[in-house]
Structure formats: structure tokens, C-alpha cells
Amino acid sequence: MATAATASATAATRFTLLAGAGLRARARAARFPTAVGFQRQRGLTTTALLKTAELQPKAQGQPETLDYRVFLVDGGGRKVSPWHDVPLRAGDGVFHFIVEIPKESSAKMEVATDEAFTPIKQDTKKGNLRYYPYNINWNYGLLPQTWEDPTSANSDVEGAFGDNDPVDVVEIGERRANIGDVLKVKPLAALAMIDEGELDWKIVAISLDDPKASLVNDVDDVEKHFPGTLTAIRDWFRDYKIPDGKPANRFGLGNKPASKEYALKVIEETNESWEKLVKRNIPAGELSLA
């Protein structure tokens, strides 16, 4: 467990590094409709102006190449950011989820948080495309308008700092989604993964259009109707780096999935962090706010 003094010092160091990198965000009012620009300024209160039902993924380049990008476009064909422009909330207890990696695939796709409009691309390491050592068994992606603050230590999870990314979602429904799909999901549980010392939340959720969606409403329901799934998710994310010679990831909160109530708390807190980020109350560093 990190001491308060250590956490404070580390936070200060990270804050300084982020500030030193400088803001890359640019005003988008000149090139994007006023409604969407306005919603960014106001936070979550006007995001309904963006019609999520009309959003479509639009690919550029060839899959499994360095130039491949999947943008999100609105009904008029204009690019929007899956991270910043898609509203987090989709109704009472329901949230939007952006698919980055379809189930039963291994290409490590992710939102490019340092590029304008934050398209989805394949991650790289030393110039090479990255793949998981085996397929991921669930749809995987992010909650828009969330951010795990790397300057904030979480006292519940060993004082770990956020990983500087949106919050991840593991969607357990039966349908294989596509890259860039925007789904409505309800959270069921949360896993506090610690990856090389950084906190990397995994929200376990189910798409509302899944046949079993009405049967699962909390962590205990997952075990009842999807037996073994929570353990399988934890073990998959714990072990996927081992074939590359890296140590296993760890999990906080007693190595167990937290309840839906706790998951909602995580979502609320990381949404608040995102709002501070886009309002420039926290330095963005290399992150794109455009």
C-alpha cells in the first residue's frame, strides 16, 4: 500500500510531466457543427444533440496495417470522436459502449487518444503491430467521456494511479460486434486490474439487445446465468502478457469482481475526471481533445 506522502509526490511528478508535454487540443468550432462543439463545452447536458443511432464506423486503409483507422461519422458523414463526442449516458442505468476489439479476435485495437477525432487503430510496439497471444472471448472497448486520471491515486486499490485512458468495458453478450459499433449496455461488475502499477478498470457489462440482458442486473446474476465468466475474464487479463515473458497482471479489491453499485461509482468518478480534462482543469499532455 502506497503511503499518502509517496502518493502525493508521485502525483506531483506525473502532473508536472503532463504539463510539460503541453496541450495538443485545438478548437474545433471552425470545422465542426456548433451543436457538437457546444455539447463539448457543456459536458453531458447537451450530448443528446448528437444522434447516436446515426453513428457509423468508417474505415480508412487496409486492416492490419500501420495506416488503418476506423473513424466514427455522424448521419451527415462528419467525423466525431468516439471518446469525446459520444454521450456516456443512454438512459436510466444504461451507457454507451464503443467496440474496439470484437470477440474472438486478437488484433489489439484501441482508440488513438493522441490523434484528432481519436479514431480506432491497431496498437504498435517498436513499429510493429500488436496482437494478443490468443483471441479475446468477449467484445472489448471503452466507455466514452471517461478518463482514468494518471495524477490521481486510488485509495481503494493500493494507491494506484490511473492509466491515462478511457475506462475499458468487457461486454459478455453472445453477439460478435464490429469495430466502431456503438452499443447500449448496462454495467454488472467491475474488476480493478493493476497493470505495471497503473489502475486499469474493467467494467463487465451486457448489451441491451442480448437475449439474457433482462436476466442479469448485478454481479451475482452474472455467475448464475454466465457461470465461470467473471473468473475467465479475470484470468484472461491476468495472464495475457505471460507468453511475451512479462509478469502476470494483478487485481485489487481482494482479487474479486466488485458489484454493479461499485461499477457505477467508478463510471461516475472517471466521467468527472474526463470533464476536468476537457475543461482544461488538468493538463492534457499528448492527449487529443479534438
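Modeller: Rings of Phe, Tyr and Trp count as a pair if their centres lie within 6.5 Å. Bear in mind that this is a predicted model.

Colleague: How many aromatic pairs does the structure hold?

Modeller: The criterion is the distance between ring centres, within 6.5 Å. By that count, the number of aromatic pairs in the structure is eight.

Colleague: Are the planes of Tyr132 and Tyr240 stacked or edge-to-face?

Modeller: The ring centres of Tyr132 and Tyr240 are 5.2 Å apart. Planes over 60 degrees apart count as edge-to-face. The planes here stand at 90°, so the pair is edge-to-face.

Colleague: How many residues apart along the chain are Tyr132 and Tyr240?

Modeller: Tyr132 sits in strand S11, residues 131-136. Tyr240 is in the loop between helix H4 (229-239) and strand S18 (250-251). The pair therefore links distant parts of the chain, and both residues are buried. Their separation in sequence is 108 residues.

Colleague: Which residue forms an aromatic pair with Tyr240 at 5.4 Å centre to centre?

Modeller: This pair has 25° between its planes. Planes under 30 degrees apart count as stacked, and this pair is stacked. The partner of Tyr240 is Trp236.

Colleague: Why do Trp236 and Tyr240 count as buried?

Modeller: Buried means under 20% relative accessible area. Tyr240 counts as buried because its relative accessibility is 9%. Trp236 counts as buried because its value is 6%.

Colleague: Which residues form one aromatic cluster?

Modeller: Trp236 and Tyr240 form a stacked pair, and both belong to the cluster. The full membership is Tyr132, Tyr134, Tyr140, Trp236, Phe237 and Tyr240.

Colleague: What arc do the buried residues of H4 cover around the axis?

Modeller: In H4, the buried residues are Thr229, Leu230, Ile233, Arg234, Trp236 and Phe237. They lie on the same side of H4, because the arc they cover is only 160°.

Colleague: Which residues touch the most other members of the largest nonpolar core?

Modeller: That core has 46 residues. Another core, of 24 residues, lies apart from it and includes Ala177, Ala192, Ile203 and Tyr262. In the largest core, the residues touching the most other members are Trp83, Ile172, Ile233 and Phe237.

Colleague: Which residues is Phe237 in contact with, leaving aside its neighbours within four places in sequence?

Modeller: Phe237 belongs to H4, where it is buried. Its contacts beyond those neighbours are Ile136, Tyr140, Val170, Met193, Lys202, Asn249 and Phe251.

Colleague: How many of the residues of strand S2 are buried?

Modeller: Strand S2 spans residues 69-73. Both its faces are covered: Arg69, Phe71 and Val73 on one side, Val70 and Leu72 on the other. The buried count is five of five.

Colleague: Which residue stands opposite Arg69 of S2?

Modeller: Strand S1 (residues 56-60) pairs with S2 in the antiparallel sense, over five bridges. Opposite Arg69 stands Gln60.

Colleague: Which residue in S3 is the bridge partner of Val73?

Modeller: S2 and strand S3 (residues 79-80) run antiparallel and are joined by two bridges. They form a hairpin with five residues between them, and Gly77 in the turn has a positive phi of about 85°. The partner of Val73 is Lys79.

Colleague: Which ring face does Lys79 lie over?

Modeller: Lys79 is 3.9 Å from the ring centre in question. Elsewhere, Lys265 lies over the face of Tyr262, at 4.9 Å. The ring under Lys79 is that of Phe71.

Colleague: How many bridges pair strand S16 with S17?

Modeller: S17 covers residues 198-207, and nine of its ten residues are buried. S16 (residues 182-195) pairs with S17 in the antiparallel sense, and Ile194 is the bridge partner of Leu199. The bridge count for S16 and S17 is ten.

Colleague: In what sense, parallel or antiparallel, does strand S15 pair with S17?

Modeller: S15 covers residues 168-171 and pairs with S17 over four bridges. Asp168 has Lys202 as its bridge partner. The sense of S15 and S17 is parallel.

Colleague: Is Gly91 buried or partly exposed?

Modeller: Gly91 belongs to strand S4, residues 89-91. Buried needs under 20% relative accessible area, and exposed over 50%. The value for Gly91 is 46%, so this residue is partly exposed.

Notes
Residues are numbered from 1 along each chain as its sequence is written. This is a predicted model: local features need pLDDT of at least 70, side-chain atom pairs count only at pLDDT 80 or more; totals for chains, interfaces and linings use all residues. Side-chain values use heavy atoms; hydrogens and water are left out. A nonpolar core is a set of buried Ala, Val, Leu, Ile, Met, Phe, Trp, Tyr and Cys residues joined through side-chain atoms within 4.5 Å. Buried means under 20% relative accessible area, exposed over 50%, partly exposed in between (1.4 Å probe, protein chains only). Contact means heavy atoms within 4.5 Å. Two strands pair if DSSP finds at least two bridges between them. Rings of Phe, Tyr and Trp (its six-membered ring) pair if their centres lie within 6.5 Å; planes under 30 degrees apart count as stacked, over 60 as edge-to-face and the rest as tilted. A charge sits over a ring if NZ of Lys or CZ of Arg is within 6 Å of the ring centre and within 35 degrees of the ring normal. The arc is that of the directions from the helix axis to the C-beta atoms.
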